[in-house]
Amino acid sequence: MQFLTASASASASSSSAPPLPRSAHLLRVSRPPLFPHLRRRRAPHLPSLSLSLAPKPPLLLASRRSLLFAPRAHGDHHHNHNHGHGHGHHGHGHGHDGAEVHGSGGGAAVMRMARAIGWADVADALREHLQVCCISLGLLLMAAVCPHVAPLSSVGRLPAALIAVAFPLVGVSAALDALVDIADGKINIHVLMALAAFASIFMGNSLEGGLLLAMFNLAHIAEEYFTSKSMYDVRELKENHPEFALLLDTSGDESVHFSNLSYTKVPVHDLKVDSHILVRAGEAVPVDGEVYQGSSTITIEHLTGETKPVERTVGDAIPGGARNLEGMMIVKVTKSWEDSTLNRIVQLTEEGQLNKPKLQRWLDEFGEHYSKVVVALSLAVALLGPFLFKWPFFGNSVCRGSIYRGLGLMVAASPCALAVAPLAYATAISSLASKGILLKGGHVLDALSACQSIAFDKTGTLTTGKLMCKAIEPIHGHLDASHGVNDPSCCTPNCESEALAVAAAMEKGTTHPIGRAVLNHSVGRDLPVVAVESFESLPGRGVVATLSGIKARNSENELAKASIGSVEYISSLYRTNGESEQIKQAVKCSAFGPEFVQAALSVDKKVTLFHFEDEPRPGVCEVIYTLREKAKLRIMMLTGDHESSAARVAKAVCIDEVHFSLKPEDKLNKVKAVSREGGGGLIMVGDGINDAPALAAATVGIVLAQRASATAVAVADILLLQDNLCVVPFCIAKARQTTSLVKQSVALALTCIVFAALPSVLGFLPLWLTVLLHEGGTLLVCLNSIRALNPPTWSWGDDVRQLIDGLKNYISAKLNRSSKFSANTVPL
């Protein structure tokens with residue numbers, strides 16, 4: 001996949017980073033939390049997102065050191081606290097699991113003290129452990145029901161004993177985490193919950209304080225589970241990818257064949273370009289390459305979402321990470337590990353999840369300030385309540401105290417649910433990545449959902465890009481060209497062969513569809529030898545070269561000059577208006593008509609016209625129909641081809657608005673103009689060849705990554721790994737679904753905060769029920785966010801129909817299962 005060559009331009013910072021020191025292998029490296037001001041902590045029973053560098057060579061991390069997040073001192077507590085101890089359960093938050101704590105802040109001093117007395121070790125063992133939380137909650141519930149159960153009510157001290165055992169199971173780690181945050185001057189949800197819980201003890205409500213912490217921990221374990229379910233699991237790609245490759249031993253120029261195999265097992269990151277490796281049945285291809293010997297069937301579903309296995313034979317490209325289903329192949333390495341498909345998929349997916357949308361960045365900043373406001377309001381309720389509303393401080397049998405109400409407000413108004421509202425962004429990015437659609441951040445989803453117009457490049461985007469040369473026609477400057485007679489003194493051996501030889505020499509190594517078509521047409525033909533002495537590419541116009549092997553008409557000692565490109569460009573090279581018009585007129589009067597894609601070649605004042613045929617991609621009409629009728633987008637086509645060729649393709653794909661004969665700067669200006677006048681922005685879809693400026697100027701640039709240049713990949717916002725436009729409507733629908741879910745989640749979070757906070761302040765809710773409402777609202781927001789994993793729809797009606805169909809299928813499956821069970825039951 002050619003888009004992977006973009007690494008040099010897209011991640012220059014990564015390549016310039018110094019190598020990891022040996023001490024780095026003692027660290028545990030993990031991505032930062034999605035919502036850092038919450039700093040939720042990972043339970044030990046759940047799989048950790050961190051990647052240990054000790055037992056394995058740093059395959060993925062070595063190529064992207066810009067994403068290595070080294071632990072910071074406790075003076076800045078906004079971090080993961082992963083200091084190398086390796087407990088594996090502090091994915092984000094207060095897992096102070098380092099053997100040594102560095103820093104001079106208050107939090108660092110608290111941690112050193114906690115390490116010295118063993119408090120930190122006990123906290124690490126108990127922190128948000130599922131079994132420990134369940135045991136603690138069970139003991140607390142037993143303590144709650146003891147006074148109401150006759151056999152247990154007679155044991156007077158049993159509830160107190162149960163609470164004394166249960167509270168430390170959840171309180172030891174909560175106290176340490178809150179103390180570290182307070183020492184660092186941080187106020188967050190963990191501090192609020194710990195303050196409420198321990199204040200309950202001093203108020204004589206230790207049972208409610210214990211229930212608060214136990215339910216809070218269980219709710220956060222559940223949140224972690226839902227969050228991990230929503231993430232595209234790049235860990236599976238990492239773990240299933242081979243760490244070693246079978247490097248074939250070659251001596252000198254000896255060819256590699258199955259008959260003389262001798263190989264060495266080497267780490268995949270040591271593979272060099274042009275080396276040969278052996279891939280056996282059932283193994284994964286370690287790096288990108290092309291089949292050198294053998295053939296097989298491979299699957300790339302886990303890379304691009306393409307479910308159908310594909311055949312690969314000699315000469316075919318094969319991406320790194322592809323699974324070999326059958327047969328044995330010798331693969332020639334074409335890209336190193338750092339540039340391979342799998343590594344880039346992981347890199348772009350993780351970077352996309354790290355690039356937060358505007359709403360999420362605002363919520364991250366808002367969370368810290370909001371928590372401080374909640375503490376201030378809670379103190380105001382606790383201290384001013386008795387004076388303003390005649391509430392007692394500590395409460396009695398008739399009225400709850402103001403301190404109790406203040407604690408309820410502190411718990412209910414905590415920003416947990418509001419902070420996890422943007423989880424739908426990361427969920428959508430993961431869902432799209434699993435289908436081979438890579439986004440460069442959640443902000444792209446916002447921009448994509450707001451766009452009202454979409455523009456398509458023609459060649460290679462709306463069409464297959466696999467041009468076929470149908471005819472070569474001398475039109476100007478050739479001797480007797482008008483009569484169809486070749487003069488030997490004009491071209492060698494004839495005008496068509498010489499023109500094809502010159503064009504093939506100039507287009508060698510090109511990625512442009514016309515250049516590839518010329519090269520394909522020249523294969524197997526007896527053509528004169530032409531060498532290129534100098535070469536210059538003019539994007540959007542053509543190619544200029546100086547040739548050897550072709551004699552100039554005026555002097556045998558002078559090298560011939562040649563240019564190939566659009567008809568407009570070639571005609572502009574002839575200074576006299578009369579000659580330029582003659583060329584344009586000859587093109588219009590061509591015997592092959594105006595329907596083909598055309599390119600002109602000028603060699604020593606002789607102009608030859610190449611005619612190419614290109615076909616629309618399968619399924620493009622359905623894509624355009626969906627975008628017009630369901631997405632309600634304004635659709636246009638931008639192309640550098642002449643009017644007749646553009647009109648033919650536009651008619652075939654049902655596009656009404658066509659802009660033709662556009663140079664790259666013309667496309668750029670058109671994209672800017674439409675973005676300004678349309679409102680909401682413009683989506684530009686291209687194949688990454690000659691349209692990088694337009695992709696960069698568009699509100700959202702979508703590129704077909706398999707053939708795109710490194711520049712196009714660097715400037716585009718969305719990369720389509722499948723060479724298929726059918727995923728474009730899906731991508732737009734997913735963006736609209738995601739923004740809708742985020743708005744719903746924010747509204748749901750605010751509603752939960754209001755409905756939990758007001759009754760708590762008014763004294764209607766006990767503290768444990770306030771916690772239940774608060775954490776229940778957070779879980780509802782998480783559940784709503786992971787709906788982004790569902791297939792997107794275009795309207796509420798589609799959502800309802802999808803829900804009804806799902807219920808019908810579920811009921812039908814249950815009925816079928818019960819009927820089969822009844823049929824298999826043998827009567828006695």
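Two strands are taken to pair if DSSP finds at least two bridges between them. In this predicted model, strand 13 (residues 453-457) meets that condition with strand 22, the two pairing in the parallel sense over four bridges. Within this pairing, Ile-454 has Ile-683 of strand 22 as its bridge partner. Strand 22 is also joined by four bridges to strand 23 (residues 700-704), and these two strands run parallel. Here the bridge partner of Met-684 is Gly-701, which belongs to strand 23.

These pairings form part of an open sheet of seven strands, in which the order is 12-24-23-22-13-20-21 and the pairing is mixed. Its edges are formed by strand 12 (437-439) and strand 21 (657-659), each of which pairs on one side only. On average, neighbouring strands of the sheet are turned by 20° against each other when direction is ignored.

Strand 22 itself, spanning residues 682-686, is mostly covered, with five of its five residues buried. Its residues point in two directions: Leu-682, Met-684 and Gly-686 face one way, Ile-683 and Val-685 face the other way, and all are buried. Met-684 also has a place in the nonpolar interior. The largest nonpolar core contains 44 residues, and Met-684 and Leu-719 are those with the most contacts inside it. At least two residues of this core are supplied by each of several elements, including strand 5 (276-279), strand 11 (329-333), strand 20 (634-638) and strand 22, together with helix 13 (341-354), helix 26 (664-678), helix 27 (692-697) and helix 28 (710-715). Helix 13 provides the largest share, namely four residues. A second core, separate from this one, has 43 residues, among them Leu-445, Ile-454, Phe-456 and Val-620. Ile-454, a member of that second core, is thus also the residue bridged to Ile-683 of strand 22.

Burial extends along the whole of helix 17 (residues 423-433): eleven of its eleven residues are buried, so this helix is largely enclosed by the rest of the structure. The buried residues of helix 17 include nonpolar ones such as Leu-423, Ile-429 and Leu-432, and Thr-427, Ser-430 and Ser-431 are likewise buried there.

Other parts of the model lie at the surface. A nonpolar surface patch of about 900 Å² is made by Leu-379, Leu-383, Leu-384, Phe-387, Leu-388, Phe-389, Phe-393 and Phe-394. Of these residues, Leu-379 is located in helix 14 and, at 49% relative accessibility, counts as partly exposed. The cut-off matters for this assignment, because exposed residues are those over 50%.

Two residues stand out in their backbone geometry. Most residues other than glycine have a negative phi. Lys-390, by contrast, has a phi near 60°, a positive value in a residue other than glycine. Lys-390 is found in the loop between helix 14 (358-388) and helix 15 (402-412), and its relative accessible area of 69% makes it exposed. A positive phi, near 55°, also occurs at Ser-661, again a residue other than glycine. Ser-661 is placed in the loop between strand 21 and helix 26. With a relative accessible area of 32%, Ser-661 is partly exposed.

Key
Residues are numbered from 1 along each chain as its sequence is written. This is a predicted model: local features need pLDDT of at least 70, side-chain atom pairs count only at pLDDT 80 or more; totals for chains, interfaces and linings use all residues. Side-chain values use heavy atoms; hydrogens and water are left out. Buried means under 20% relative accessible area, exposed over 50%, partly exposed in between (1.4 Å probe, protein chains only). A nonpolar core is a set of buried Ala, Val, Leu, Ile, Met, Phe, Trp, Tyr and Cys residues joined through side-chain atoms within 4.5 Å. Axes are lines fitted to C-alpha atoms, for helices over the stretch in contact, and angles run from 0 to 180 degrees between N-to-C directions. Patches are made of residues with over 30% relative accessible area and no salt bridge: like charges are joined within 9 Å, nonpolar side chains (Val, Leu, Ile, Met, Phe, Trp, Tyr) within 5 Å. Accessible areas come from the Shrake-Rupley method with a 1.4 Å probe; for residues, only the protein chains shown count as cover. A salt bridge is a side-chain nitrogen of Lys or Arg within 4 Å of a carboxyl oxygen of Asp or Glu.
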